[in-house]
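Please open the structure in your viewer and keep the selection tool at hand. The tour below goes from stop to stop, saying at each one what to select and what is there.

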Amino acid sequence: MDVQMRASDDDRQRVLDDLQRHTAAGRLDLDEFSERAAAVYAARTLADLAAVTRDLPATPTPSPVSESTTAAAAHGRRDLLLLFAVAVVTLVLLFVFMAVTRGPGWVTAP
């Protein structure tokens, strides 16, 4: 890879993501992150971007979320939505039952 090649917006975003991970890990404080982020936005070449993270260890790129994890999350959301729907229906039925058994005056203040 030619380090004198012009940097793209995707290249800059990858370096910013790395800086955020290093900040979260405690290797950079917020002032250092801000300074380096400004340098990333000003970078014109890949060499300029490499200089921003030269003193930081390489961070592994996060692995994409597997299909099984995504399916499990969708199943969990569906279960939660079903539970919420059952709770709402139960409350509505309880309200109707109380309105029928206690008469119309129980809802309004005396």
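**From the last helix to the core**

Begin by selecting F95, which lies in helix α4, the helix that covers residues 67–102. The model on your screen is a predicted one, and in it F95 counts as partly exposed because its relative accessibility is 47%. Now extend the selection to L81, F84, V88, V92, V96 and V100, which together with F95 form a nonpolar patch on the surface, with about 700 Å² of accessible area together.

Zoom out next and colour the whole chain by secondary structure. The protein chain has 4 helices and 0 strands, and from the N terminus on its elements run α-α-α-α. Of the 110 residues in the chain, 19% are buried. The accessible surface comes to about 8600 Å², and carbon and sulfur atoms account for 64% of that surface. If you display contacts with a separation of 6 or more, 63% of them are between residues 24 or more positions apart.

For the interior, select V15, L16, L19, V40, L49 and V52, which have the most contacts inside the largest nonpolar core, a group of 13 residues. Helices α1 (9–24), α2 (30–42) and α3 (46–52) each supply at least two residues of this core. In soluble globular proteins, nonpolar side chains tend to be buried together.

Stay with L49 for a moment and show what surrounds this residue. Which residues is L49 in contact with, leaving aside its neighbours within four places in sequence? They are A7, D11, R12, V15, V40 and A43, and two of these, D11 and R12, come back at the next stop.

**Charged pairs along helix α1**

A search of the whole structure finds 4 salt bridges, and the tour visits some of them here. Side chains of opposite charge can pair when their charged atoms come close.

Select D9 and R12, whose side chains meet in a salt bridge with an N to O distance of 3.3 Å. Both residues lie in helix α1, 3 residues apart, which is about one turn of the helix. D9 counts as exposed because its relative accessibility is 61%, whereas R12 is buried, with a relative accessible area of 15%.

Move on to D11 and R14, which form a salt bridge in which the closest N and O atoms are 2.3 Å apart. This pair too is in helix α1, with 3 residues, or about one turn of the helix, between the partners. Is D11 buried or exposed? At 17% relative accessibility D11 counts as buried, while R14, with a relative accessible area of 48%, is partly exposed.

Then select D18 and R21, a salt bridge whose closest N and O atoms are 2.4 Å apart. Because they are 3 residues apart in helix α1, D18 and R21 are separated by about one helical turn. D18 counts as partly exposed at 23% relative accessibility, and R21 counts as partly exposed at 29%.

**Last stop: a loop residue**

Keep D18 and R21 on display and add T59, which lies in the loop between α3 and α4. T59 counts as buried because its relative accessibility is 19%, where the cut-off for buried is under 20%. Not counting residues up to four places away in sequence, T59 touches D18, R21 and H22. Although T59 and D18 are 41 residues apart in sequence, their C-alpha atoms are 6.9 Å apart in space.

Definitions and conventions: Residues numbered from 1 in each chain as written. Predicted model: local features only at pLDDT ≥ 70, side-chain atom pairs only at ≥ 80, totals over all residues. Heavy atoms only, no water. Core = buried A, V, L, I, M, F, W, Y, C linked by side-chain atoms within 4.5 Å. Buried < 20%, exposed > 50% of the residue type's maximum accessible area, 1.4 Å probe, protein only. Contact = heavy atoms within 4.5 Å. Areas by Shrake-Rupley, 256 points an atom, 1.4 Å probe, with all protein chains shown as cover. Patch = residues over 30% accessible without salt bridge, like charges linked within 9 Å, V, L, I, M, F, W, Y side chains within 5 Å.
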